[in-house]
Amino acid sequence: MPELPEVEVVRRGLDQWVTGRTVATVDVLHPRAVRRHLAGAADFSAALTGRTITAACRRGKYLWLPLDSGDAVLAHLGMSGQLLVQPAETPDETHLRIRVTFRDGGSELRFVDQRTFGGLSYEIDGAQLPAPISHIARDPMDKEFDDAAFVAAVRRRKTALKRALLDQSLVSGIGNIYADEALWRAKLHGLRPTETMRRPELARLLTAVRGVLGDALGAGGTSFDSLYVNVNGESGFFDRSLDVYGRRDQPCHRCGTPIRRDPFMNRSSYTCPHCQPRPRRART
DNA sequence: CGCGCCTCCTGTGTGC
DNA sequence: TGCACACAGGAGGCGC
């Protein structure tokens, strides 16, 4: 659920509030929150204790905190995860999973997650790029993102265009919300077979993706859902700017045609049937 | 090997 | 009022 803009908002908060601080204690309150750390919760806590956080990095929807040891703490928010920087006296959140305290005695870092799809792990030698996310592509806002390579890769695929947008090994940071928003801006339908995409259409799509991600980041992220918050627990307000997502039966902001919702990949796709006509040869 | 379906999880909203 | 169920969905894993 949190996509690139929301995760980047969190990264900036972490960079501001936890970089340079040394870990005093680590309490894992729910084992599922460290299930990707195969050595277990006790090992996670022991490994992190005493380490100093040297930065806050992001690739796609993943965050990691490089450590003075050359290792890193890797985090994924899943659908409902939050990384909060809270004063120690703040009451525990209902779904508090992990608490990290620091030697300076200041604010705590808390991992809160209602639906427990997210989690943290300790990655040895992960400071540069943790091994479990080496397959994640750069995001389209990254200076090193290769437009031509992306266009070529999409055209080699045999899948639906929206599936390609959601494939984090092709382009990262895009989830269901911004995929629909970008397709609407580019006037493309998500069921277009990728091998039929023309290069200018994909260039237009990349422009649309960058536009919607940039706008959302400027607004501090989307939050029609109170689960998306920065490290201070505050929501963004990009939901006011959404053009199609969640707007079933409401008029298209370009042409007034009612937006339609269709099932897609066990979730939803929102399109304007006039601006984004369904392709004759749709690929599901 | 590429593609696509399934599953993990819990709180909220809706209809009967 | 209460119950049942749909829905939200990122991404690893697995089957075809």
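A polar contact here is a pair of N or O atoms within 3.5 Å. With that cut-off in hand, look at Ser 268: an N or O atom in its side chain sits 2.7 Å from a phosphate oxygen of DNA strand C, so the pair falls within the limit and counts as a polar contact. Please keep in mind as you explore that this is a predicted model.

Let us start with the overall layout of the protein. Chain A splits into two domains, domain 1 covering 4–133 and domain 2 covering 147–271. Their C-alpha centres are 28 Å apart.

Now stay with DNA strand C. It is surrounded by 15 residues, and the closest are Tyr 62, His 76, Met 79, Tyr 245 and Arg 267. On the DNA side, sugar and phosphate make up 60% of the strand C atoms that come within 4 Å of the protein. Two of the closest residues make polar contacts of the kind described for Ser 268. The side chain of Tyr 62 places an N or O atom 2.6 Å from a phosphate oxygen of DNA strand C, and for the side chain of His 76 the corresponding distance is 2.2 Å. By class, the protein surface near DNA strand C comprises five nonpolar, six polar and four charged residues.

Where do Tyr 62 and His 76 belong in the fold? Strand β3 spans residues 62–66 and strand β4 spans residues 72–76; the two run antiparallel and are joined by five bridges. Within this pairing, Pro 66 faces Ala 72 of β4. These strands are part of an open, antiparallel sheet of four strands, ordered β2-β3-β4-β8. The edges are taken by β2 (57–59) and β8 (119–123); each has a single partner strand, so one side of each has no neighbour in the sheet. From one strand to the next, the twist averages 25°. Helix α2, residues 41–48, packs on this sheet and touches β4 and β8, with its direction at about 60° to that of β8.

There is another open sheet of four strands to trace, this one ordered β1-β6-β7-β5 and again paired antiparallel. Here β1 (23–28) and β5 (81–86) stand at the edges, and because each has a single partner strand, one side of each is left without a neighbour. Neighbouring strands of this sheet are turned against each other by 15° on average, ignoring direction. Inside the sheet, four bridges link β6 (residues 96–102) with the antiparallel β7 (residues 108–113), and Ile 98 has Phe 111 in β7 as its bridge partner. Helix α2 appears again at this point: it packs on the sheet, touching β1 and β6, and its direction makes about 170° with that of β1.

Finally, turn to DNA strand B. The residues around it include Arg 32, His 95, Gln 114, Arg 115 and Arg 163. Of the strand B atoms within 4 Å of the protein, 73% belong to sugar or phosphate, and the rest belong to bases. What does the side chain of Gln 114 approach on DNA strand B? One of its polar atoms lies 3.3 Å from a sugar or linking oxygen. Arg 157, in contrast, has a polar side-chain atom 3.2 Å from a phosphate oxygen of the strand. Lys 158 uses its backbone, with an N or O atom 2.9 Å from a phosphate oxygen of DNA strand B. The surface near this strand has one nonpolar, four polar and five charged residues.

Notes: Residues are numbered from 1 along each chain as its sequence is written. Chains are lettered from A and ligands numbered from 1 in the order in which they are written. This is a predicted model: local features need pLDDT of at least 70, side-chain atom pairs count only at pLDDT 80 or more; totals for chains, interfaces and linings use all residues. Side-chain values use heavy atoms; hydrogens and water are left out. A residue is near a molecule or strand if one of its heavy atoms lies within 4 Å of it. A polar contact is a pair of N or O atoms within 3.5 Å; within protein, one must be able to donate a hydrogen and the other to accept it, and residues adjacent in sequence count only if both atoms are side-chain atoms. Ala, Val, Leu, Ile, Met, Phe, Trp, Tyr, Cys and Pro count as nonpolar, Asp, Glu, Lys and Arg as charged, and the others, Gly among them, as polar. Domain bounds come from an automatic or database domain assignment. Two strands pair if DSSP finds at least two bridges between them. Axes are lines fitted to C-alpha atoms, for helices over the stretch in contact, and angles run from 0 to 180 degrees between N-to-C directions. Contact means heavy atoms within 4.5 Å.
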